[in-house]
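The following exercises ask the reader to work from the coordinates to a reasoned description. Each task is followed by a solution that proceeds step by step.

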Amino acid sequence: MARKTAVSGGRALRAALRKLPIDIKDGVTQAIAQAGAAIFTDAQAAAPGPEHPYATGELKRKLRLMISRNGLQARVGSWGKRRARHIHLVEFGAAPHDIRMPDGGVIHHPGAPAQPFLFPAYRRHRAHSVKLIRAAVNEALSRAAARQGGKP
């Protein structure tokens, strides 16, 4: 399971943006979708695929971008019934361990090194994403203030 990383003040900002008319927050939802798509594309390109000797390509196929219904949140990862159950083992690696078999036997797994692909994609795009979303939020709030007769 991939960790969620949040920007501080995100919950309060989403609550304020939910109250704005749809046409005013359109730019914000587009910026969030654009930022999420950039991270998703980068993570999918960096994820180990069939070219890796032990990979089947399942991780690349099951990596998803989800935009919330209100458009104010984007998630990149693998979840649900059809998730890639090994995403965390690829991202963070696995220590050597024993695997108990149904017939009573034991297989010793030597462990696997970390092959980070999701967090590096997030880190590469974070600054640009924040800048893009911040500009869209400022524009939305200016338009909302102008509509209310306040100072833009």
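**Exercise 1. Describe how strand 3 and strand 4 are paired and how the chain turns between them.**

Solution. The model is a predicted one, and the pairing is read from its backbone. Strand 3 (residues 97-100) and strand 4 (residues 106-109) run antiparallel and are joined by 4 bridges. One of the paired positions is Arg100, whose bridge partner in strand 4 is Val106. Turning to the connection, the two strands form a hairpin with 5 residues between them, and Gly104 in that turn has a positive phi of about 100 degrees.

**Exercise 2. Carry out the corresponding description for strand 1 and strand 2.**

Solution. Strand 1 and strand 2 pair over 4 bridges in the antiparallel sense, and here Ile67 has Ala74 of strand 2 as its bridge partner. The hairpin that they form has 6 residues between the strands, with Gly71 in the turn at a positive phi of about 80 degrees.

**Exercise 3. Test the end-to-end distance of helix 5 against the expected span, and then locate its kink and its buried residues.**

Solution. Helix 5 (residues 118-147) has 30 residues, so at 1.5 Å a residue it should span 44 Å; the end C-alpha atoms lie 40 Å apart, which agrees. The helix nevertheless has a kink of about 50 degrees, centred on Arg126. The buried residues of helix 5 include Leu118, Phe119, Pro120, Ala121 and Tyr122, as well as Ser129, Ala136 and Ala144. As for what they meet, the buried residues of this helix pack against helix 1 (10-18), helix 2 (22-46), strand 2 (74-77) and helix 4 (87-92).

**Exercise 4. Apply the span test to helix 2, and state what covers its buried residues.**

Solution. With 25 residues at 1.5 Å each, helix 2 should span 36 Å, and its end C-alpha atoms are 35 Å apart, which agrees. Among the buried residues of helix 2 are Ile24, Val28, Ile32, Ile39 and Phe40, and the list also includes the charged-type names Lys25 and Asp42. The cover over the buried residues of helix 2 includes helix 1, strand 1 (64-67), strand 2 and helix 5.

**Exercise 5. Find the salt bridges, and place each one within the chain.**

Solution. The structure holds 2 salt bridges. In one of them, the side chains of Arg124 and Asp42 meet at 2.8 Å, N to O. This pair links distant parts of the chain, since Arg124 belongs to helix 5 and Asp42 to helix 2, 82 residues apart. Asp42 counts as buried because its relative accessibility is 19%, and the cut-off for that class is under 20%.

In the other, the side chains of Lys62 and Glu58 meet at 3.0 Å, N to O. Both residues lie in helix 3 (residues 58-62), 4 residues apart, which is about one turn of the helix. Lys62 counts as partly exposed at 24% relative accessibility, and Glu58 is likewise partly exposed, with a relative accessible area of 23%.

**Exercise 6. Is Ser78 buried or exposed, and which backbone atoms does its side chain reach?**

Solution. Ser78 is found in the loop between strand 2 and helix 4, and with a relative accessibility of 7% it counts as buried. Its side chain reaches the backbone oxygen of Lys62 at 3.2 Å and the backbone nitrogen of Ala84 at 2.7 Å. Leaving aside residues up to four places away in sequence, Ser78 touches Lys62, Arg83, Ala84 and Ile87.

Note on methods: Residues are numbered from 1 along each chain as its sequence is written. This is a predicted model: local features need pLDDT of at least 70, side-chain atom pairs count only at pLDDT 80 or more; totals for chains, interfaces and linings use all residues. Side-chain values use heavy atoms; hydrogens and water are left out. Two strands pair if DSSP finds at least two bridges between them. The expected span of a helix is 1.5 Å times one less than its number of residues. The bend at a residue is the angle between axes fitted to the seven residues ending there and the seven starting there. Buried means under 20% relative accessible area, exposed over 50%, partly exposed in between (1.4 Å probe, protein chains only). Contact means heavy atoms within 4.5 Å. A salt bridge is a side-chain nitrogen of Lys or Arg within 4 Å of a carboxyl oxygen of Asp or Glu. A polar contact is a pair of N or O atoms within 3.5 Å; within protein, one must be able to donate a hydrogen and the other to accept it, and residues adjacent in sequence count only if both atoms are side-chain atoms.
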